[in-house]
Amino acid sequence: MRSKSQAPNGKASHNTEREFGGTLGAVCIPIFLPLTVLFLICASRSPDASLLQWPLPLPSLDQLWDPLAPVLLLGWIALHVLLYLLPVGKVSEGLVLKDGTCLKYPINGFHSLCISGALLMLLLMLEAPLGHVFELMLPLAACATGASFVLSLYLYVCSFWAPPHALALGGNTGNPLYDFFIGRELNPRIGHFDLKYFCELRPGLIGWVVINFAMLMQEVELRGSPSLAMILVNSFQLLYVADALWNEEAVLTTMDIVHDGFGFMLVFGDLTWVPFTYSLQAAYLVEHPQALSPLGVAAIITLNGIGYYIFRKSNSQKNQFRRNPTHPSVARLETIATATGKRLLVSGWWGLVRHPNYLGDLLMALAWSLPCGFSHLLPYFYVIYFTVLLIHREARDEKHCRAKYGLAWDTYCRRVPYRIVPYIY
Ligand code: NDP
């Protein structure tokens, strides 16, 4: 079957279907999101930490600049480029591309995390002032935003040299603003170095837990020892990041890698949004310490454990099924056939709701906010934003799956009527 963006002569034609609010979204989001990051950092350290402050507590220009920030940011990215290139771990193939080929990817993200952790411990032993990152959050976020714009522009320009089959379905509308935002090329590479795969799970995701750790060290500097709330937030989020990198191969079948082009939306998300907004709970706890009761701690750990269990089991079940449907762990599950030759699971986790992995992820998101208490909305920003993101993502995935699987998808939806939360949504 010919894809929508493929003209009969094999050249890419313009796909006019637009997501994220089309051109208006493509103009507003790159302005609005960086301002949101700066606002959230400022709000998290202000005494009342309110999301409803007016005027908005945005930083002055001189608060956004510190010469150490670009050095740290570029050094961090360079370190991860080197770690990516290390010949350790296995090499895996991605899914088959439009031209029938498969790209190869190094699976060594977990090694990168461990080496980053070892380097951090070394810095700690050398008594490096890690807590100083707290003071540098605004300049670091500003530099990461700048780097995201520069990389997105580079990707947009280079995409005009890419062959038509290498372009993403949705990033080829011909509208420069929209295509810059959504990403024209599916898997941009410099030689064998895959830029999207590199950014997805490494500098930003590992940067997030390093920022968390720096917040913990700042707390130690201020109050002599880390609080239980800070330890919980650090541990839960480290587990999440370590899990993502341990299962790095699974990212090769996600929507981001398989479907979306690499443009500002993903670049900014990976390099700026994730490290600087996902670390908000830890940043908030530096200025707003919380006391937790033993019962509260037990309840929060249980909630995170349940969320993690659902998230991990459901993601592993689908990955195993997609990689080898005859594997004993998935061979007995009930499935339905589709016209594409692929089958859909209708029992097991994927028979409970249509996105059990999102349900687990949301339960964990709530468990990360609860250690921050109930006095402010700000530490709940992540769980609120993430609910909106996953509802939107579910709708996008549903659209892709309906286009891919047609009637079989409708049958699946009838068999599994709830999307994310059983009997509710
Ligand atoms: P999913 O892993 O949910 O994959 C969706 C795909 O799975 C569909 O396109 C379809 O692809 C396949 N599928 C759907 N239903 C079935 C079924 N019944 N049987 C078999 N295959 C099915 O995609 P995401 O990339 O959205 O999520 C991956 C993980 O990443 C999730 O756990 C999510 O929570 C997490 N995530 C985290 C984010 C964060 O910022 N922390 C952001 C985004 C996601 P096909 O049939 O082609 O295989």
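This report covers one pocket and the salt bridges of a predicted model.

## The second largest pocket

The second largest pocket holds about 740 Å³ of space. Its lining is made of 31 residues. Nearest the centre lie Leu72, Leu73, Trp76, Val133 and Val210.

Several helices contribute to the lining of this pocket. At least two residues each come from α2 (68–85), α3 (109–125), α4 (133–158), α7 (203–223) and α10 (264–277). What is the character of the lining: nonpolar, polar or charged? The residues divide into 26 nonpolar and five polar, with no charged residue among them.

## Glu19 and Arg396

The model contains 15 salt bridges. One of them joins Glu19 to Arg396, with the closest N and O atoms 2.8 Å apart. Glu19 sits in the segment before α1 (22–45), and Arg396 sits in helix α16 (residues 381–405), so this salt bridge ties together parts that are 377 residues apart in sequence.

Are the two partners buried or exposed? Glu19 has a relative accessibility of 19%, and it counts as buried because the cut-off is under 20%. Arg396 is buried as well, with a relative accessible area of 6%.

## Asp260 and Arg396

Arg396 also forms a salt bridge with Asp260. Here the closest N and O atoms are 2.9 Å apart. Asp260 lies in the loop between α9 and α10, while Arg396 belongs to helix α16. The pair links distant parts of the chain, 136 residues apart. Both Asp260 and Arg396 are buried.

## Asp256 and Arg393

Helix α16 also holds Arg393. Which residue does Arg393 meet in a salt bridge? The partner is Asp256, at 3.2 Å from N to O. Asp256 is in helix α9 (residues 255–258), and the two residues are 137 apart in the chain. This pair, too, links distant parts of the chain.

The partners fall into separate burial classes. Asp256 is buried, with a relative accessible area of 11%. Arg393 has a relative accessibility of 21%, so it counts as partly exposed, the class between 20% and 50%.

## A shared network

Some salt bridges have partners in common. Which residues do they join into one network? The members are Arg354, Glu394, Glu398, Arg402, Asp410 and Arg419. Salt bridges that share partners connect these residues.

How values were computed:
Residues numbered from 1 in each chain as written. Predicted model: local features only at pLDDT ≥ 70, side-chain atom pairs only at ≥ 80, totals over all residues. Heavy atoms only, no water. 1 Å grid on protein atoms, 1.4 Å probe; cavity = no way out; pocket = protein on both sides within 12 Å on 5 of 7 lines; lining within 4 Å. Points joined across faces, edges and corners; volume = space filled by probe spheres on them. Helix = DSSP H or I, 4+ residues; strand = E, 2+ residues; numbered from the N terminus. Nonpolar A, V, L, I, M, F, W, Y, C, P; charged D, E, K, R; others polar. Salt bridge = Lys/Arg side-chain N within 4 Å of Asp/Glu carboxyl O. Buried < 20%, exposed > 50% of the residue type's maximum accessible area, 1.4 Å probe, protein only.
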